[in-house]
Amino acid sequence: MSDEEDEQGQKKGNALPLWGNVQTMNINNLVVTNILSSPYFKNELFKLKTFHEVVDEIYYKVDHLEPWEKGSRKTHGQVGMCGGVRGVGAGGIVSSGYCLLFKLFTLRLTEKQVYVLLNHTDSPYIRGMGFMFIRYCQHPNTFWDWFEPYLEDEEEIDPKAGGGCSMTIGQLVRSFLLKLDWYGTLFPRIPVPIHKEIEASLRAINLCDDRKVYADENKESSRERRSSQTDEKADPSFGEAEKHARKRRDEKSPRRSSDKTRTSSQERKDKDQRHSREHHSERRDSDRSDKRSSKDHKDHRSAKERRSSREKSPSRHKSSRKRSRSRDRYK
């Protein structure tokens, strides 16, 4: 039996147990569909049969950790479930990094092989692929054991396609633990009790978020530190989507307040105008009703008077006739 067959036989018994969906690696279905239909995955990666061949391919082909190649996916104008953060909607060209990540998933790695990825010295992207493999398909209650030795790792890595988002491996690991968003897609959700334990453990070592703001600082100093970091653009650690959303919120906040004041003042004016119109209409209706009632009263009086005059007129005629008859008799 050859060495390769021995390695495959050992791997079947020592392969890491997978958590979640064992068919898609818990990756978004759109990304998986693009991976499986990618010519690179079907033609090039199909030829790679061993772990070391895949690691060499990562060294030569991977230069970022985004799921899509730069400029291949347009999310402008998409909102809600079709927005860029959700990872659904119009797809693009899937990155070679995610194709190789899924190839590692199909190899059913052992614990030793995963540690080879995490501690590799040739490329930080090989290490990043190892951390992403853990984040996607290992159980959340094992995250702390995997990631704790690397929380303050100072090696530099730029996960953004095209560059411009440099960070340390420690910041990358902390963002994996604390955030779901990752460049237009989502990591699997961590259960709330486990997430609280991870936050408490990070707070205990003064690493409560991936910006490395110390937990014992007050709010003002932490805000000043964060504002200085964003001004200097020294720490884009939450990924492109989160940074872009934060920038948009900061730009729109004064406009929102001014729009709110304008709308409130306009609403008050409209309300006053409606009230005045209703008041005038009520007054007009009351005046009309008064006029009608007075006119009806007058008509009623005139009709009554006419009736009384008619009733009186026949009696007058009768009396005049009697008088005339009596005069005739005496004549």
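**Helix packing, salt bridges and burial in the predicted model**

The axes of helix α6 (residues 111-118) and helix α7 cross at roughly 135° and come within 7 Å of each other. Angles over 145 degrees count as roughly antiparallel and those from 65 to 115 as roughly perpendicular, with the rest, apart from angles under 35 degrees, counted as oblique; α6 and α7 are therefore oblique to each other. On the α6 side, the contact is made by V114, L117 and L118. On the α7 side, I126, R127, G130, F131, F133 and I134 take part. By class, seven residues of this contact are nonpolar, one is polar and one is charged. The coordinates analysed here are those of a predicted model.

The fold as a whole comprises 12 helices and four strands. Of the 331 residues in the protein, 36% are buried. Among contacts with a separation of 6 or more, 69% join residues that are 24 or more positions apart.

R127, listed above in the contact of α6 with α7, also takes part in salt bridges. The count of salt bridges comes to two. In one of them, D153 pairs with R127, and the closest N and O atoms are 2.8 Å apart. This pair links distant parts of the chain, with R127 in helix α7 (residues 124-137) and D153 in the loop between α8 (143-147) and β1 (156-157), a separation of 26 residues. In the other, the side chains of R127 and E155 meet at 2.5 Å, N to O. Here too distant parts of the chain are linked, since R127 belongs to helix α7 and E155 to the loop between α8 and β1, 28 residues apart. R127, D153 and E155 are thus linked in a network of salt bridges. The relative accessibility of R127 is 6%, so R127 counts as buried. E155, in contrast, has a relative accessibility of 27% and counts as partly exposed.

Helix α9 (169-178) is mostly covered, as 10 of its 10 residues are buried. The buried residues of α9 are I169, G170, Q171, L172, V173, R174, S175, F176, L177 and L178. The elements that cover them include the helices α7, α8 and α10 (192-204). The strands β1, β2 (167-168) and β3 are also among the covering elements. Helix α7 thus appears both in the cover of α9 and in the contact with α6.

K179 lies in the loop between α9 and β3 (181-182). With a relative accessible area of 29%, K179 is partly exposed, whereas the residues of α9 are buried. The C-alpha atoms of K179 and I190 are separated by 9.5 Å, and the two residues are 11 positions apart along the chain.

Backbone geometry was examined for positive phi values. Most residues other than glycine have a negative phi. M25 has a phi near 65°, a positive value in a residue that is not glycine. M25 is placed in the loop between α1 (3-14) and α2 (29-36), and at 0% relative accessibility this residue counts as buried. Y183, likewise not a glycine, has a positive phi of about 45°. The position of Y183 is in the loop between β3 and β4 (185-186), and its relative accessible area of 4% makes Y183 buried.

N34 is located in helix α2. The residue has a relative accessible area of 18%; the limit for buried is under 20%, so N34 is classed as buried. When neighbours within four places in sequence are left aside, N34 is in contact with W68, G92 and V94.

Cysteines were also considered. A disulfide is a covalent bond between the sulfur atoms of two cysteines. A search of the whole structure finds zero disulfides. C99 counts as buried at 0% relative accessibility, and C137 counts as buried at 1%.

Technical notes. Residues are numbered from 1 along each chain as its sequence is written. This is a predicted model: local features need pLDDT of at least 70, side-chain atom pairs count only at pLDDT 80 or more; totals for chains, interfaces and linings use all residues. Side-chain values use heavy atoms; hydrogens and water are left out. A salt bridge is a side-chain nitrogen of Lys or Arg within 4 Å of a carboxyl oxygen of Asp or Glu. Helices (H or I, at least four residues) and strands (E, at least two) are DSSP runs, numbered from the N terminus. Buried means under 20% relative accessible area, exposed over 50%, partly exposed in between (1.4 Å probe, protein chains only). Axes are lines fitted to C-alpha atoms, for helices over the stretch in contact, and angles run from 0 to 180 degrees between N-to-C directions. Contact means heavy atoms within 4.5 Å. Ala, Val, Leu, Ile, Met, Phe, Trp, Tyr, Cys and Pro count as nonpolar, Asp, Glu, Lys and Arg as charged, and the others, Gly among them, as polar. A disulfide is a pair of cysteine sulfur atoms within 2.5 Å.
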